[in-house]
Amino acid sequence: MSKQGEHEITYREESDWNLHDEFFQFTRGCFVIDEKEQLSKRHVRFNMDELAQEAAKAVDAKYCIKVEKCADGMFNKAYIFTHDNDKQVIGKVPNPNAGIPHYTTASEVATLDFVRYANPFFSHSCHCYLFFFFFFLLP
């Protein structure tokens, strides 16, 4: 079920995830000053179908059956992808206001790798693909 600030859309193999504008917009709240400008800094358009396919490949699934948008952050958007093999992946995409996508993503991936190296109890694995990354939810 959808909670405030989250959007869940379930489809089958032939879904077109790009038809859902709420995946690309800032939906967490509003701004008191320069709202139009602030919203444009947090609007990012990308190919959600391709992102869902890459997430499926990362967990050896055929296709994505559900995409949930997590509550918006100020600098990125996060999604939970559920696949036909019941595996889930979290994908994060930086907003335009976060800085140069390559560097912000590389920085987050490096931080996750360090935490995983320094803490043997942290078991999430991270996979980086250009300007976005995934990490797996383990059972």
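Biologist: Which residues make the nonpolar surface patch of about 370 Å²?

Modeller: This is a predicted model, in which local features need pLDDT of at least 70, side-chain atom pairs count only at pLDDT 80 or more, and totals for chains, interfaces and linings use all residues. Residues are numbered from 1 along each chain as its sequence is written, and side-chain values use heavy atoms, with hydrogens and water left out. A patch is made of residues with over 30% relative accessible area and no salt bridge, where like charges are joined within 9 Å and nonpolar side chains (Val, Leu, Ile, Met, Phe, Trp, Tyr) within 5 Å; the areas come from the Shrake-Rupley method with a 1.4 Å probe, and for residues only the protein chains shown count as cover. The patch of about 370 Å² is made by Phe114, Val115 and Tyr117.

Biologist: Is tyrosine 117 buried or exposed?

Modeller: Tyrosine 117 belongs to helix α3, residues 101-118; helices (H or I, at least four residues) and strands (E, at least two) are DSSP runs numbered from the N terminus. Buried means under 20% relative accessible area, exposed over 50%, and partly exposed in between, with a 1.4 Å probe and protein chains only. The relative accessible area of tyrosine 117 is 71%, so the residue counts as exposed.

Biologist: In what order do the elements of the chain run from the N terminus?

Modeller: The chain has 3 helices and 6 strands. From the N terminus on, these elements run β-α-α-β-β-β-α-β-β.

Biologist: Which element supplies the largest share of the largest nonpolar core?

Modeller: A nonpolar core is a set of buried Ala, Val, Leu, Ile, Met, Phe, Trp, Tyr and Cys residues joined through side-chain atoms within 4.5 Å. The largest one has 18 residues, of which Trp17, Phe23, Phe46, Met48, Val67, Tyr79 and Phe81 touch the most other members. At least two residues of this core come from each of α2, β2 (64-69), β3 (76-83) and β4 (88-94). The largest share, 5 residues, is supplied by α2.

Biologist: Which residue caps the N-terminal end of α2?

Modeller: Helix α2 covers residues 48-58, and its buried residues include Met48, Leu51 and Ala52. At its N-terminal end, a side-chain oxygen lies 3.1 Å from the backbone nitrogen of aspartate 49. The residue that carries this oxygen, and so caps the helix within the polar-contact limit (N or O atoms within 3.5 Å, one able to donate a hydrogen and the other to accept it, with residues adjacent in sequence counting only if both atoms are side-chain atoms), is asparagine 47.

Biologist: Which residue meets lysine 57 in a salt bridge?

Modeller: A salt bridge is a side-chain nitrogen of Lys or Arg within 4 Å of a carboxyl oxygen of Asp or Glu, and the structure holds 3 of them. Lysine 57 is exposed at 55% relative accessible area, whereas its partner is buried at 19%. The two are 3 residues apart in helix α2 and are therefore separated by about one helical turn. In this bridge of 3.3 Å, N to O, lysine 57 meets glutamate 54.

Biologist: Which residue meets lysine 41 in a salt bridge?

Modeller: Both partners lie in helix α1, 4 residues apart, about one turn of the helix. Lysine 41 is partly exposed at 33%, and its partner is partly exposed at 41%. The side chain that lies 3.3 Å away, N to O, belongs to glutamate 37.

Biologist: What is the phi of aspartate 86?

Modeller: Most residues other than glycine have a negative phi, and most peptide bonds are trans. Aspartate 86 is in the loop between β3 and β4 and is exposed at 67% relative accessibility. Although aspartate 86 is not a glycine, its phi is positive, about 70°.

Biologist: What is the phi of aspartate 34?

Modeller: Aspartate 34 is placed in the loop between β1 (7-10) and α1 (35-41). At 47% relative accessibility, this aspartate counts as partly exposed. Its phi is positive, in a residue other than glycine, and lies near 50°.

Biologist: How many disulfides does a search of the whole structure find?

Modeller: Cysteine 30 is exposed at 62% relative accessible area, whereas cysteine 64 is buried at 4%. A disulfide is a pair of cysteine sulfur atoms within 2.5 Å. Over the whole structure, the number found is 0.
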